[in-house]
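Open the model in your viewer and keep the sequence panel beside it. The stops below each give something to select and say what is there.

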Amino acid sequence: MTRLILASQSPARTKLLADAGIQHSVLVSDVDEDAVQARYGVTDPHDTALLLARAKAEAVAALPEAEGALVIGCDSVFEFDGEAHGKPYTADVARARMLRMSGNSGVLHTGHWLVDCRAVAAGSGDETSDDGGAAPGSGATLGAVTSAEVHFTDMEPAEIDAYIATGEPLHCAGSFTIDGFGGAFIRKVDGDPHTVVGLSISTLRALLGQAQVRITDLWSAE
């Protein structure tokens, strides 16, 4: 059976996959995001999301545990007023950002990178091996970015402080979520809402297709 590994420690991403019936396991990379960005000097939020997703996927794909599996890495970057916003980590940074975001909108970019770690059968383009075992690998290593525009309601300072007190926004790109407490402050989303959660299921389907895997092959039988 084809195995999918999520190269992310995000509970939201693994829950999203589970809710979509997609069987997977989790292996967390040890990628230093700041070091990766410093090395490549990428400043565009769109490109940064893809770069970090690729770094995470390739780091996990290099692990022995990934042999014979497909690895998907993801990373999200929020673009607001032309600036790239990752995780705020501190209450002061989150508060300053949310005060600016109140009543305004920004774009959430989620990068996806897929690495096919299955053995490639020489001269074979078939989806199954001759002995009926696992399908041969495609050798694919490819990615895509999905973006969605997020529109925020007007937020009162007291609401912002209460939200920050939950701890939820401190470790989320842009200082907000759509699938938790933060959903109360999102008026609408133009684009794939899964992108705002941190992984577009339709984008994953497209990437798997390029690796000659149907997403339905990963659906749980339970």
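Which residues does S200 touch, not counting residues up to four places away in sequence? Select S200 together with H112, T146, D192, H194 and T195: these are the residues that S200 touches, where contact means heavy atoms within 4.5 Å. S200 sits in the loop between α6 (193-197) and α7 (201-210). The relative accessible area of S200 is 0%, so S200 is buried. Buried means under 20% relative accessible area, exposed over 50%, and partly exposed in between, with a 1.4 Å probe and protein chains only.

Before going on, note that this is a predicted model, in which local features need pLDDT of at least 70 and side-chain atom pairs count only at pLDDT 80 or more, while totals for chains, interfaces and linings use all residues. Residues are numbered from 1 along each chain as its sequence is written, and side-chain values use heavy atoms, with hydrogens and water left out.

**The whole chain**

Now select the protein chain and colour it by secondary structure. The chain has seven helices and seven strands. Helices (H or I, at least four residues) and strands (E, at least two) are DSSP runs, numbered from the N terminus. Along the sequence the pattern reads β-α-β-α-α-β-β-α-β-β-α-β-α-α.

Turn the chain to see its extent: the C-alpha atoms fill a box of roughly 65 × 40 × 25 Å along the principal axes. The radius of gyration is 18 Å, which agrees with the value near 17 Å for a compact globule of 222 residues. That radius is taken over C-alpha atoms, and the globule rule is 2.2 Å times the number of residues to the power 0.38. Of the 222 residues, 43% count as buried. Among contacts with a separation of 6 or more, 72% are between residues 24 or more positions apart.

**Helix α7**

Next select α7, the helix that comes after the loop holding S200. Which residues of α7 are buried? They are I201, T203, L204, L207 and L208. These residues lie on the same side of α7, because they cover an arc of only 155° around the axis. The arc is that of the directions from the helix axis to the C-beta atoms. An α-helix has 3.6 residues a turn, so residues three or four places apart point the same way.

Rotate to the face turned away from the buried side, where the exposed residues R205 and Q210 are found. Then display what covers the buried residues of α7, which includes β1 (3-6), α1 (11-19), β3 (69-80), β5 (105-116), β6 (141-152) and α6. After α7 comes Q212, with a positive phi near 65°.

**The nonpolar cores**

Stay with α7 and select I22, I72, L114, L204 and L208. These touch the most other members of the largest nonpolar core, which has 21 residues. A nonpolar core is a set of buried Ala, Val, Leu, Ile, Met, Phe, Trp, Tyr and Cys residues joined through side-chain atoms within 4.5 Å. The elements giving two or more residues to this core are β1, α1, β3 and α7, and α7 gives the most, with four residues.

Zoom in on L204. Leaving aside neighbours within four places in sequence, L204 is in contact with L4, L17, I22, I72, L199 and I215. A second, separate core has 18 residues, including Y163, I164, F176 and V196.

**The loop between α5 and β7**

Select E168, which lies in the loop between α5 and β7. The C-alpha atoms of E168 and F181 are 7.5 Å apart, although 13 residues separate them along the chain. Beyond its neighbours within four places, E168 is in contact with Y163, T177, G180, F181 and G182.

Also in the loop between α5 (157-165) and β7 (186-190) is S175. S175 counts as buried because its relative accessibility is 0%. Phi of S175 is near 75°, a positive value in a residue other than glycine. Compare Y89, in the loop between β4 (83-85) and α4 (91-101): Y89 is not a glycine either, and its phi is positive, about 70°.

**The cysteines**

Last, select C74, C117 and C172. How many disulfides are there? The count comes to zero, a disulfide being a pair of cysteine sulfur atoms within 2.5 Å. The closest cysteine sulfur to that of C74 is in C172, 15 Å away, and therefore too far for a bond. C117 is in no disulfide, with the nearest cysteine sulfur, that of C74, 15 Å away. C74 is buried at 0% relative accessible area, and C117 is buried at 17%.
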